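Student: I have a model open and would like to learn how to read its features one by one. Could you walk me through a few?

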Amino acid sequence: MCWLPPGRKSSQGHGSARLYPVMQKLADMIIARRYLTLAISAAVVVLCASLISQNKMYERWYVYYDDSFAVRKAMEFSDEHLSGINFIQYRIDGVGPGTINDPEYLQQLDQLVAWIETQPGVTNVDSIVPSLRRVHRLLNTGSEDDSRLPESRERAAQNLLLYEMSLPFGLGTDEYLNIDRSAARIGVFVHKTDSRTLLALDETIRRWAEGNTPVLSLSEGTGLDMVFAHISDRNMISLLQGTAIALVLISLLLAPVVRSWRIGVVSLVPNLVPALVAYGIWGITVGYVDLGLSVVACMSLGLVVDDTIHFLSKYVLARRELGKSPEDAIRYAFGTVGTAMLVTTVVLAAGFAILVLSPFSPTWGMGGLLSLTIVAALVFDFLLLPPLLLLVDRDR
């Protein structure tokens with residue numbers, strides 16, 4: 001900055017000087033209508049906070065890409081014409097080695113597969129049961145109407161051995177059975193859906209199996225979709241909870257810094273409000289929050305807190321060292337940092353808003369929500385924080 005040449009002085013003054021009267025008029029308006037401003041701001045906050053419930057928290061990785069991406073077109077084709085793009089895998093244990101040859105195990109496995117196929121959204125269940133049924137039919141009646149499974153352990157073992165020997169060279173039953181034949185694997189294919197629906201389907205399947213197929217011991221659903229479903233679910237909740245706790249702790253730490261517990265408590269409001277308002281507006285405009293959007297509350301933390309700290313520091317300075325009244329301290333804060341807060345907010349919000357043009361969902365969602373949060377932080381630091389200060393920091 002020292003090396004840069006100085007700019008020419010304008011007869012009308014610098015940009016900050018031109019905005020100074022605007023800041024003073026805004027301060028005077030808020031001071032004169034403090035109760036009305038406080039009531040309107042509080043009503044807007046309550047309304048937006050009530051709309052947060054409109055957000056559905058889930059992950060839909062297939063909508064990360066818009067229709068301009070070839071991968072999105074391929075996924076849509078696969079979901080419409082093939083077996084879907086989401087799947088859940090299960091390991092189904094029995095009572096010990098050779099369980100797959102137990103007729104009761106096979107019958108209950110067949111019942112489970114048949115029940116899963118009736119569930120909404122399920123397109124196919126991949127298991128070894130149809131192959132064993134087909135082998136048994138061909139070795140007996142050969143009738144298409146005969147869909148029985150082997151009724152003895154010996155016959156089941158012979159059928160399985162014959163099936164394995166009939167497979168082409170290099171192929172086996174490893175994708176369905178483990179080495180000692182104590183467990184089988186099934187794959188449940190589902191039409192494109194979100195992470196919450198997958199988790200609910202997994203819970204429903206395991207509960208039904210526990211109550212209706214006691215011989216089977218189902219593991220928790222796994223596979224790439226389930227891994228990301230659990231990661232997204234846990235991370236979203238942890239991020240939002242952690243951010244809320246951080247904001248509260250920062251506000252509480254401000255109390256000893258400004259040497260006033262009342263101002264420290266007041267700082268909680270402008271720190272928490274921007275995220276509530278932004279996510280509330282997002283709830284009625286977009287309606288869902290995924291892992292990328294849950295990060296926004298954490299990313300905007302520093303920006304939101306900075307505005308509050310700058311305004312409060314100038315307010316406390318005017319009150320303590322300059323001996324100003326609460327009203328004059330508000331005017332002083334607007335005049336000293338109001339312009340800087342406005343300019344930085346416009347620059348940051350406009351910069352992040354450019355990301356809305358991205359065709360990649362996590363990018364445009366993060367840019368849009370972050371811009372909204374930054375603007376909300378400035379608006380409520382200007383409209384909500386001063387009336388609160390005037391309410392709790394009156395001259396004695």
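Student: Is Arg 181 buried or exposed?

Tutor: The general idea is that buried means under 20% relative accessible area. Arg 181 has a relative accessible area of 16%, so Arg 181 is buried. Keep in mind that this is a predicted model.

Student: Where does Arg 181 lie?

Tutor: Arg 181 is found in the loop that runs between helix H6 (153-166) and strand S4 (183-190). Its backbone deserves a look too: phi is positive, at about 60°, although Arg 181 is not a glycine.

Student: Let's try a histidine. Is His 230 buried or exposed?

Tutor: Apply the same cut-off, under 20% for buried. His 230 comes in at 19% relative accessibility, and therefore counts as buried. You will find His 230 in helix H8, which covers residues 224-258.

Student: Which residues does His 230 touch?

Tutor: Leaving out residues up to four places away in sequence, His 230 touches Leu 199 and Glu 220. With Glu 220 there is also a polar contact, side chain to side chain, at 3.3 Å.

Student: And Val 265: buried, partly exposed or exposed?

Tutor: Here the middle class matters: partly exposed lies between the 20% and 50% cut-offs. Val 265 has a relative accessible area of 41%, so Val 265 is partly exposed. Val 265 sits in helix H9 (residues 261-266).

Student: How many residues apart along the chain are Val 265 and Leu 293, and what separates their C-alpha atoms?

Tutor: Sequence and space are two separate readings. Val 265 and Leu 293 are 28 residues apart along the chain, and their C-alpha atoms are separated by 28 Å.

Student: Now the whole chain. How many helices and strands does the chain have?

Tutor: There are 15 helices and six strands. To judge the overall spread, set the radius of gyration against the globule rule: the chain has 32 Å, well over the 21 Å the rule gives for 396 residues, so the chain is more spread out than a compact globule. Along the principal axes, the C-alpha atoms fill a box of roughly 100 × 45 × 40 Å.

Student: What share of the residues counts as buried?

Tutor: Of the 396 residues, 45% count as buried. Contacts add to the picture: among those between residues at least 6 apart in sequence, 76% join residues at least 24 apart.

Student: What about charge: how many positive and negative side chains are there?

Tutor: The chain carries 33 positive and 38 negative side chains, and the centres of the two sets lie 16 Å apart. As for the accessible surface, it comes to about 20,700 Å², with 62% belonging to carbon and sulfur atoms.

Notes: Residues numbered from 1 in each chain as written. Predicted model: local features only at pLDDT ≥ 70, side-chain atom pairs only at ≥ 80, totals over all residues. Heavy atoms only, no water. Helix = DSSP H or I, 4+ residues; strand = E, 2+ residues; numbered from the N terminus. Buried < 20%, exposed > 50% of the residue type's maximum accessible area, 1.4 Å probe, protein only. Rg over C-alpha atoms; globule rule 2.2 N^0.38 Å. Contact = heavy atoms within 4.5 Å. Areas by Shrake-Rupley, 256 points an atom, 1.4 Å probe, with all protein chains shown as cover. Lys, Arg positive; Asp, Glu negative; His and termini not counted. Charge placed at Lys NZ, Arg CZ, Asp CG, Glu CD. Polar contact = N/O pair within 3.5 Å; in protein donor to acceptor, adjacent residues only side chain to side chain.
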